[in-house]
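Colleague: I'm new to reading protein models. Could you walk me through this one?

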Amino acid sequence: ASPPVTSALGPVSPLDLSFGSTSAVPGTVSTDGKPPFLETVYDAVTDVDGSVVLAARASFDPLNPIDPSRLARYRQDGSLDPAFGAGGLVTVPSIAAGQEPIVDVAIDGSRRLLATRYSQVDRVLPSGSVDLSFAPIEAGAGVPFDSIGGTTPDSIGRVVVWGYSGQQHFVARYTVAGNLDATFAAGSATPGVLPVDFRVMAAPIVISGDRVVVIGFVPGLPQRSLVMRITASGARDSTFGPGIGPGFGAGVAAFDGAPGDETPLHATEDSLGRVVMVGAGVGPTFQDRPAFVVRFDSSGLADSAFAAVSGPTTRKLLSPRTVIAGAGGRLYVIGNLPDTGSGADGAPGVVVLQDSGLPDSGFGWANTVDGVTEVVGLGDLRTGIVQGAALGPDGRVMLWADAASPYLARLRAPGTDDLT
């Protein structure tokens with residue numbers, strides 16, 4: 001392996017120093033060190049203008065002490081956007097007792113935000129105003145699920161919802177106006193709602209053709225990591241998945257390639273239309289916990305041409321939180337690297353994979369070695385646990401993490417390192 005590129009100050013950091021340039025750690029923005037004191041970040045999403053919106057909880061807001069949940073939008077330079085709500089902050093009224101966090105945020109093609117609590121989904125306009133043309137989606141209101149885990153918009157602004165009640169999980173679709181879409185899964189017991197055979201682990205993703213993909217597992221099942229593909233009409237996609245045994249309908253594929261029990265954590269569609277899933281297994285120590293990346297072909301089989309399944313590069317990550325699709329089939333897998341010697345979670349790391357699944361040593365940042373980049377330069381934020389990441393419109397990776405101080409960090413576009 002080649003050593004990392006260094007300057008007089010040590011390994012070159014991939015942090016984008018134009019983001020949060022006045023912060024204690026340039027390249028990052030700590031969310032709770034000053035007003036609005038956002039002490040917990042649940043989710044985030046990037047906008048087409050390069051801004052980022054957080055779903056977060058404020059430690060205390062004297063103007064609204066009852067409901068501490070907030071949406072916050074940060075501009076490209078890391079400052080709060082004064083054009084969004086009140087000084088960059090939005091409070092979304094809750095139908096619940098007021099203490100439910102906004103656990104998931106998504107953005108549609110019209111830049112409208114979907115703010116998801118366990119009991120409801122609201123839509124917020126780009127200005128930060130609640131969209132009064134959208135009927136809030138309520139768990140338990142004419143549907144068999146009493147909790148909502150996440151949402152995703154499709155290409156025309158319909159809302160795909162992951163809901164659950166106890167151990168039973170569902171996928172539902174709502175119209176652009178927020179009404180249950182009875183044309184989706186029309187033959188189900190509740191038109192508009194499709195039961196899922198397993199425990200869903202992440203918000204659904206909408207792939208080409210407005211098809212829907214969900215990932216999850218069944219405790220105790222040998223083939224633990226499962227993927228269901230659903231057609232745009234809400235039917236199980238019979239062309240996907242070779243069949244995994246009794247009790248499972250069509251459209252379900254499985255992966256059992258990592259040693260130990262696997263937990264799928266995130267999925268995406270790559271630039272060539274293939275479903276990619278990341279997750280983590282269980283090992284005797286933190287350092288032995290195997291990360292895995294699997295790519296499925298169009299028929300639902302694990303793609304044998306893809307080399308990254310539990311390979312030595314991806315094993316360097318602990319519990320990879322996100323996989324992001326880049327151009328040409330390239331993938332960014334983002335999580336935490338093990339701390340040298342202790343086996344505990346260390347600095348955030350990015351694994352860059354080629355279309356073949358092999359580490360892409362020729363693409364990345366100056367600090368990329370054999371496809372693995374350690375996000376150095378974080379100072380006291382170094383041990384923050386990565387919660388998620390997204391790719392901005394200009395190719396820059398935004399990640400968010402929980403440390404003693406939750407923070408956002410933005411990486412430079414690969415190949416733009418300034419070594420001077």
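Modeller: Sure, one term to begin with: a contact means heavy atoms within 4.5 Å. This is a predicted model, where local features need pLDDT of at least 70 and side-chain atom pairs count only at pLDDT 80 or more, while totals for chains, interfaces and linings use all residues. Residues are numbered from 1 along each chain as its sequence is written, and side-chain values use heavy atoms, with hydrogens and water left out.

Colleague: Of the contacts with a separation of 6 or more, what share comes from residues 24 or more positions apart?

Modeller: Here we take the contacts in the protein chain with a separation of 6 or more. The part that comes from residues 24 or more positions apart is 48%.

Colleague: How many helices and strands are there in the protein chain?

Modeller: Both are DSSP runs numbered from the N terminus, with at least four residues for a helix (H or I) and at least two for a strand (E). By that rule the protein chain has zero helices and 31 strands.

Colleague: Which strands stand at the edges of the open sheet of four strands?

Modeller: Two strands pair if DSSP finds at least two bridges between them. The order in this sheet is E3-E31-E30-E29, with antiparallel pairing. An edge strand has a single partner, so one side is left without a neighbour in the sheet, and that applies to E3 (28–30) and E29 (385–391).

Colleague: Which residue of E31 is the bridge partner of Leu-399?

Modeller: Strands E30 (residues 397–402) and E31 (residues 407–410) run antiparallel and are joined by four bridges. In E31, the partner of Leu-399 is Ala-409.

Colleague: Which residue takes a positive phi in the hairpin of E8 and E9?

Modeller: Strands E8 (residues 104–107) and E9 (residues 113–116) pair in the antiparallel sense over four bridges, and Ile-107 stands opposite Leu-113. Five residues lie between the strands, and the one with a positive phi, near 65°, is Arg-111.

Colleague: Are Phe-145 and Phe-170 buried or exposed, and why does their pair tie together distant parts of the sequence?

Modeller: Rings of Phe, Tyr and Trp (its six-membered ring) pair if their centres lie within 6.5 Å, and planes under 30 degrees apart are stacked, over 60 edge-to-face, the rest tilted. These two rings are tilted, at 6.2 Å centre to centre and 40° between the planes. Phe-145 lies in the loop between E11 (137–138) and E12 (147–153) and Phe-170 in E14 (residues 168–174), so the pair ties together parts 25 residues apart in sequence. With buried meaning under 20% relative accessible area, exposed over 50% and partly exposed in between (1.4 Å probe, protein chains only), both Phe-145 and Phe-170 are buried.
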